[in-house]
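Please look over the structure shown here before reading on. The notes that follow take up aromatic rings, charges placed over rings, and enclosed space.

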Amino acid sequence: MLSVNELEDRLIDLAFAEDIGDGDHTTLCCIPETAMGKSHLLIKEDGILAGVEIAKEVFARFDPTMVVEVLINDGAKVHRGDIAMVVTGKVRSLLQTERLMLNIMQRMSGIATMTSKYVQRLEGTNTRVLDTRKTTPGMRMLEKEAVKIGGGCNHRIGLDMILLKDNHIDFAGGIANALDRCAAYQKEKGLNLKVEIECRTFDEIKQVMAHGGADRIMLDNFSIEDTKKAVELINHKFETESSGGITYDTLRQYAECGVDFISVGALTHSVKGLDMSFKAC
């Protein structure tokens, strides 16, 4: 499996390839090769800043002579009018890295900002907000890093834990079969992965509790009332996670049912980028 750094390197390479292609002809035709300049990252909307470290990598990978002065770090609250960084170097380099850097930072900052709002909504409870695998292909590492910067938790990066969902259970022939096969597989492979299983009904919860072999029960599309009953039934014998159809407005009510986690796909799949620009200064 590729490391986080290797995945990020591949993302940057692909992003430059698709954006610049055989050359930025607009910049090359009108900007002298020797021209030097300075640009600053202007924040145009309140939020949580994310992506500073990967932006530094973008600049360094494209042109190691570029000098980056970071004024605001990842995770900080930013306000309209703030200057987050100043970059000095060849004007051609400033122009050719602008769009990729902004694409990454706007999206990561949007995710961090939304995550922070969800985390604040849960203050005073013991519930933590999780992301999902509903991420932009190729950008998962960055999007999940943005969730952490915003104060959330990563559920799983890829398929690096066992999550038995409805399709797995149905294809396996039921909950008992799915859990038995899971245990046999882990023994055969010498693995000790955490196991989560999705339950759609109270009967399925009871089957899991009677059978064992799981660490966490996911309550899939349970109402708030049924979630409270399910948490009481499980009684801390398993970790609990609520998932499906939960919005910012209902988040707190689910947390007050006593679940350990709430997974929210919207943190990464329905986010608006934070407005910012990269202008000459």
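Over the ring of which residue does the charged end of Arg121 sit? In this predicted model, that ring belongs to Tyr248, and the charged end of Arg121 is 4.9 Å from its centre.

**Charges over rings**
- Besides the placement of Arg121 over Tyr248, Arg216 lies over the face of Phe261, at 4.0 Å from the ring centre.

**Aromatic pairs**
- A search of the whole structure finds four aromatic pairs, and one of them is formed by Phe202 and Phe222, whose rings meet edge-to-face with 5.6 Å from centre to centre and 65° between the planes.
- This pair links distant parts of the chain, since Phe202 belongs to helix α8 (residues 202–211) while Phe222 lies in the loop between β9 (216–220) and α9 (224–234), 20 residues apart.
- Phe202 counts as partly exposed because its relative accessibility is 25%, whereas Phe222, at 8% relative accessibility, counts as buried because the cut-off for that class is under 20%.

**Enclosed space**
- Searching the whole structure for cavities of 30 Å³ or more finds one, and the largest cavity holds about 40 Å³ of space.
- The lining of the largest cavity is made up of Val231, His236, Phe238, Thr240, Gly258 and Asp260, and by residue class this lining divides into two nonpolar, three polar and one charged.

How values were computed: Residues numbered from 1 in each chain as written. Predicted model: local features only at pLDDT ≥ 70, side-chain atom pairs only at ≥ 80, totals over all residues. Heavy atoms only, no water. Phe/Tyr/Trp six-rings, centres within 6.5 Å; stacked < 30°, edge-to-face > 60°. Helix = DSSP H or I, 4+ residues; strand = E, 2+ residues; numbered from the N terminus. Buried < 20%, exposed > 50% of the residue type's maximum accessible area, 1.4 Å probe, protein only. Lys NZ or Arg CZ within 6 Å of the ring centre and 35° of its normal. 1 Å grid on protein atoms, 1.4 Å probe; cavity = no way out; pocket = protein on both sides within 12 Å on 5 of 7 lines; lining within 4 Å. Points joined across faces, edges and corners; volume = space filled by probe spheres on them. Nonpolar A, V, L, I, M, F, W, Y, C, P; charged D, E, K, R; others polar.
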